[in-house]
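Visitor: I would like a close look at a single part of this structure. Please keep it brisk.

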Amino acid sequence: MKETYIYVRNKAQLLKVLDFEPDCIIIEYELFFGLDDELRRRTQDQKRIVISLPHVLNSNVISHIKSNINKDMYFMCDSYDGLGLLAALMMPSDHIMLDAGLYAFSDRSVDYFRSLGYTKYTIPYELNLKEIAGLDKEGAVMMVYGRIPVMYSAQCVLKNTGRCKGKSGTSKVTEIVDRKNSVLPVICECEYDCFNIIYNSKPLYLLHLLDDIYDVGVDAIRLDFTVEDEKLTEKILDILKNRRWVKPNDVLGDFTKGHLLRGV
């Protein structure tokens, strides 16, 4: 049975994904703990809810985590700092999913994480189809749509340019332009912490290659919605639901297939 995991960062995305009813919804920490009672009840009706731990763990974040989580919750974590914190809080290892930042690039690394009790991991973005075929994929989840983060920074681009408006209860989205005039989306986390996530200028799009991905033994795929609006979120979900493998350019304009079809 193939599984679908979907990651969301805002309420509009979450509402669309709840209607889609995937096997698992991964909800950004700030969004999850800011949900109103009605949305909290709707999420509890889902098969599986995973909370994505903040990427930067300062004292404010750690204090909030210690006060608000419990051992019945499930988490996704992308750093050894996060794993250490959850271990210190006695969270069960099988309640923790490893994000791509915890690099399971070989059977040896997968076996090591498994020996510590971590049963779910994310296939690294850098692997091509041949390398994925040779990987032990028990418990593996592969990202097939979304923007890959290129940097986490505690130097906020809004604050450094005099545009910070303080906490708002929601993440702020802005952009930066690099030396090649590529536009990189930036999400500013403002509620429990103060840091930025800078994303690739082009979203990863592999939906039209799902048959090839399934053929090499991948049984769980993941879609990440970060800066997408409600309309684009619905469009991507519709493509997956109806298996309409339209040309990516017709949906997104520019996109990347990552390393999937590259040689070694």
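Visitor: Which elements do the buried residues of α1 pack against?

Guide: This is a predicted model. The buried residues of α1 pack against two strands, β1 (3-8) and β2 (24-28), and two helices, α3 (37-44) and α10 (230-242). Helix α1 itself covers residues 11-20. Its buried residues are Gln13, Leu14, Lys16, Val17 and Leu18. Note that Gln13 and Lys16 are on that list beside the leucines and the valine.

Why would Leu14 and Leu18 share a side? An α-helix has 3.6 residues a turn, so residues three or four places apart point the same way.

Now the two ends. At the start of α1, asparagine 10 offers a side-chain oxygen, which comes within 3.2 Å of the backbone nitrogen of alanine 12. After α1 comes glutamate 21. The phi of glutamate 21 is positive, near 60°.

Next, the partner helix α3. The axes of α1 and α3 lie 11 Å apart, and the helices pack at an angle of about 35°. Their crossing is left-handed. On the α1 side, the residues that meet α3 are Lys11, Leu14, Leu15, Leu18 and Asp19. On the α3 side they are Leu39, Arg42 and Thr43. By class, this contact holds four nonpolar residues, one polar and three charged. Leu14 and Leu18 meet α3, and both are also buried.

Notes. Residues numbered from 1 in each chain as written. Predicted model: local features only at pLDDT ≥ 70, side-chain atom pairs only at ≥ 80, totals over all residues. Heavy atoms only, no water. Buried < 20%, exposed > 50% of the residue type's maximum accessible area, 1.4 Å probe, protein only. Helix = DSSP H or I, 4+ residues; strand = E, 2+ residues; numbered from the N terminus. Contact = heavy atoms within 4.5 Å. Polar contact = N/O pair within 3.5 Å; in protein donor to acceptor, adjacent residues only side chain to side chain. Axes fitted to C-alpha atoms, helices over the stretch in contact; angles between N-to-C directions. Left-handed = near helix turned anticlockwise from the far one by under 90°. Nonpolar A, V, L, I, M, F, W, Y, C, P; charged D, E, K, R; others polar.
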